[in-house]
Amino acid sequence: MISIQGKGVSTGVAIGPLYYYQRAKSTIRRYEVEDVETEWQRFKAAQEKAIAQLGELAEKARAEAGDEAALLFETHQMMAEDMEYEEAIQAAVQENRLNAEAAVMDAAAQFSEMFAAMDDPYFQARAADVKDVSNRIIAALTGVAQGGIDSPVPVILAADDLAPSETVQLDKSKILGFVTEGGSGSSHTAILARTMGIPAIIGVGDQLKPEYEGREVIIDGSTGNVVIDADEDAKAYLVKKMEDQRKQREMLEKLKGLPNETKDGQTIKVFCNIGSPDDVAAVLGNDAGGVGLFRSEFLYLNCDDYPTEDYQFEAYKKVLSDMGGREVVIRTLDIGADKQIGYFNMPHEENPALGNRALRICLNRPEIFHTQLRALYRASAFGRLGIMFPMVTSVWEVKEARKMCEQVKAELTKEGIPFSEDVEIGIMIETPAAVLMSDRLAKVVDFFSCGTNDLTQYTLACDRQNADLGRFYNPHHPAVLRALKMVCDNAHKNGVWVGICGELGADLALTETFLSIGIDELSVSPRAVLPLRQKIRETDVSQVREKVLADLLSDENTI
Amino acid sequence: MKSFEYTITDPVGIHARPAGVLVKEIKKYASAVTVKKGDKAVNALKLMALMGMGIKQGDTVTVEIEGADEDTAAAAIEAFFKANL
């Protein structure tokens with residue numbers, strides 16, 4: 001038995017084989033084949049495997065989300081068996097004696113170039129589909145799932161750390177938990193794990209060795225313990241813990257349908273943070289009242305080029321209609337800093353956290369922002385939309401962004417395209433400037449949502465990605481809590497509602513504080529909804545308010 | 001040989017889904033089916049080539065059906081165009 005200690009960043013216990021994340025290979029070998037017939041059969045087998053995988057994915061999507069969801073995989077299936085595509089590969093293998101991997105890669109280039117050269121954005125976007133299908137066939141040929149998980153059973157995924165573009169592409173149904181060498185509690189792997197409701201342990205360093213691949217591992221996200229080949233006692237203990245958690249879940253199930261109301265009758269909205277339309281199922285499954293933060297970045301991370309208006313529109317529309325009239329707050333593009341995208345061609349910055357990011361990029365490059373706003377307003381006709389701008393420091397930024405919203409609405413009116421007149425406009429409060437200016441900012445928005453991860457980072461001047469700064473990065477710091485109170489007071493004076501969409505919202509140690517200072521909405525990962533509801537229903541605000549407010553001002557609490 | 005003309009009404013044109021279903025439909029028949037737009041023509045069994053024509057809303061295409069079962073095939077394929085494109 002080998003026991004390793006890391007830092008648990010998402011709770012739960014999971015057991016399964018350890019699997020190392022395979023980075024996509026950048027080069028595919030080209031060589032001449034001797035036996036062209038065997039090579040051709042090798043291609044046919046890989047093609048068949050890819051088509052079967054796509055069929056399974058289509059069925060899974062259909063069962064979970066209906067016919068429309070299955071469409072993407074069915075289209076890929078049809079491309080994989082397309083006659084002309086197959087003929088191109090056959091000619092390369094049988095006539096030019098090229099190995100199958102290289103032949104598929106060439107066909108992918110040929111057809112994706114054809115689509116990319118078309119003048120219609122819909123067809124241009126199909127270039128990515130051809131590449132995706134071809135990568136799947138190449139993966140079947142090489143036996144390596146490119147950036148994927150090639151295992152018949154779900155696994156505990158090990159990696160150095162995962163980039164946002166990597167996490168969005170993972171087959172989530174194959175992952176029981178995460179173990180990473182580096183990372184921090186606010187890293188993307190940690191956030192993903194909490195959204196999925198599975199355990200994650202970070203910062204195990206080089207204790208985790210590649211030779212452990214395939215061996216049975218148990219991870220406990222509440223203690224940060226990783227056990228490989230557990231002995232009987234350890235295994236029995238952890239399996240019991242897993243069972244207890246399952247029972248706890250069942251108890252929480254009983255809270256579904258009940259209001260988020262304190263003993264003394266104060267209510268608070270509990271919404272969810274999501275990263276893709278697929279997460280809506282978890283939002284509804286946990287009985288959340290809406291979506292408080294839909295990160296739109298995935299649309300950009302999933303593409304090789306700027307996503308088109310139609311592509312974005314479809315994704316927003318899906319979330320809004322799936323949420324069936326419940327409020328959905330979509331945050332406009334929030335990249336830069338730790339989230340970089342190649343095709344944006346952003347110049348290198350010495351200090352990206354303080355650099356050209358989020359709303360700043362949108363205002364500096366209005367054509368990108370314009371596309372997103374058009375897609376958002378078009379989607380607004382299909383549900384109850386809130387639009388939220390990230391990384392605000394000044395009133396003029398909000399005014400300029402709102403002006404673009406008005407321009408988009410005027411365009412749509414002129415074009416006869418329907419949109420909702422009741423779209424709420426809000427901003428993230430994540431900079432000290434926004435906190436200090438919240439009295440003025442409240443006059444130009446409908447709501448505030450406090451992004452406590454960045455608010456803590458900027459208020460405490462402490463990099464949240466730096467594992468060495470752990471004890472300095474304290475989201476409970478009174479400076480952060482006082483900032484939240486100040487924002488709340490200024491918002492309520494102006495009839496503006498306030499939410500928290502950072503990790504802190506789910507921190508049960510602060511629920512009493514949030515209720516006492518009058519936060520209106522908490523947006524948390526789907527799994528945190530019911531535990532939070534339980535905590536709210538156990539709280540009597542009239543009993544704790546005075547003490548909480550006194551603590552915020554107390555000298556003893558300056559840490 | 002049978003043929004008919006059709007003007008596309010679908011806002012996205014001959015996009016992936018109807019093209020894919022069309023290929024499936026055509027496979028039911030022995031006849032060869034050609035889709036022509038202007039001076040370009042493709043075998044309608046070739047999905048990506050068909051998509052590559054970039055046929056848009058408002059474009060008029062000529063569809064030719066030739067083979068032993070061309071009568072039944074032509075009727076079915078024309079009905080398909082009207083219903084889906």
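How are helix 4 of chain A and helix 5 of chain A oriented to each other, roughly parallel or roughly antiparallel? Keep the question in mind while opening the model, which is a predicted one.

**Stop 1: helices 4 and 5 of chain A**

Select helix 4 (100–116) and helix 5 (121–142) of chain A. The two pack at an angle of about 175°, and their axes are 7 Å apart. Angles over 145 degrees count as roughly antiparallel, and helix 4 of chain A and helix 5 of chain A are therefore roughly antiparallel to each other. To see the contact, show side chains on helix 4 of chain A, including A:Val104, A:Ala108, A:Phe111 and A:Phe115. On helix 5 of chain A, the residues to show include A:Phe123, A:Ala127, A:Val130 and A:Ile138. Coloured by class, this contact has 14 nonpolar, four polar and three charged residues.

**Stop 2: where chain A touches chain B**

Now show both chains. Here 16 residues of chain A are in contact with 15 residues of chain B. Helices 4 and 5 of chain A appear again: along with helix 2 (67–80) and helix 3 (83–95), each supplies at least two residues of the side of chain A that touches chain B. Helix 2 of chain A gives the largest share of that side, five residues. By class, the side of chain A that touches chain B has ten nonpolar, one polar and five charged residues.

**Stop 3: a hairpin in chain B**

Stay with chain B and select strand 2 (residues 32–37) and strand 3 (residues 40–43), which run antiparallel and are joined by four bridges. B:Thr34 stands opposite B:Asn43 of strand 3. The hairpin has two residues between the strands, and B:Gly38 takes a positive phi near 60° in it.

**Stop 4: the barrel of chain A**

Go back to chain A and select strands 9 to 16. These eight strands close into a barrel in the order 9-10-11-12-13-14-15-16, with parallel pairing. On average, neighbouring strands of this sheet are turned by 25° against each other, direction ignored. For one pair in detail, pick strand 12 (residues 384–389) and strand 13 (residues 424–429) of chain A, which run parallel and are joined by four bridges. A:Phe389 has A:Ile427 of strand 13 as its bridge partner.

**Stop 5: helices across the strands**

Add helix 11 (residues 309–322) of chain A, which lies across strand 10 (291–295), strand 11 (327–331) and strand 12 of chain A. Helix 11 runs at about 155° to strand 11 of chain A. Next add helix 20 (residues 529–538) of chain A, lying across strand 9 (269–274) and strand 16 (521–524). Helix 20 runs at about 160° to strand 9 of chain A.

**Stop 6: two residues of chain A**

Centre on A:Asn286, in the loop between helix 9 (280–285) and strand 10 of chain A. Is A:Asn286 buried or exposed? A residue is buried if 20 or more other C-beta atoms lie within 10 Å of its own; A:Asn286 has 24 such neighbours, so A:Asn286 counts as buried. Leaving aside neighbours within four places in sequence, A:Asn286 is in contact with A:Pro526, A:Arg527, A:Val529 and A:Leu530. A:Leu252 is 34 residues from A:Asn286 in sequence, and the two are 9.5 Å apart in space, C-alpha to C-alpha.

Finish at A:Glu297, in helix 10 (residues 297–301) of chain A. A:Glu297 is buried because 20 other C-beta atoms lie within 10 Å. A:Glu297 and A:Lys339 are 42 residues apart in sequence, and 8.8 Å apart in space from C-alpha to C-alpha.

Conventions. Residues are numbered from 1 along each chain as its sequence is written. Chains are lettered from A and ligands numbered from 1 in the order in which they are written. This is a predicted model: local features need pLDDT of at least 70, side-chain atom pairs count only at pLDDT 80 or more; totals for chains, interfaces and linings use all residues. Two strands pair if DSSP finds at least two bridges between them. Axes are lines fitted to C-alpha atoms, for helices over the stretch in contact, and angles run from 0 to 180 degrees between N-to-C directions. Two residues are in contact if their C-beta atoms, placed from the backbone, lie within 7 Å. A residue is buried if 20 or more other C-beta atoms lie within 10 Å of its own, exposed if 12 or fewer, and partly exposed in between; C-beta atoms are placed from the backbone. Ala, Val, Leu, Ile, Met, Phe, Trp, Tyr, Cys and Pro count as nonpolar, Asp, Glu, Lys and Arg as charged, and the others, Gly among them, as polar. Angles under 35 degrees count as roughly parallel, over 145 as roughly antiparallel, 65 to 115 as roughly perpendicular and the rest as oblique.
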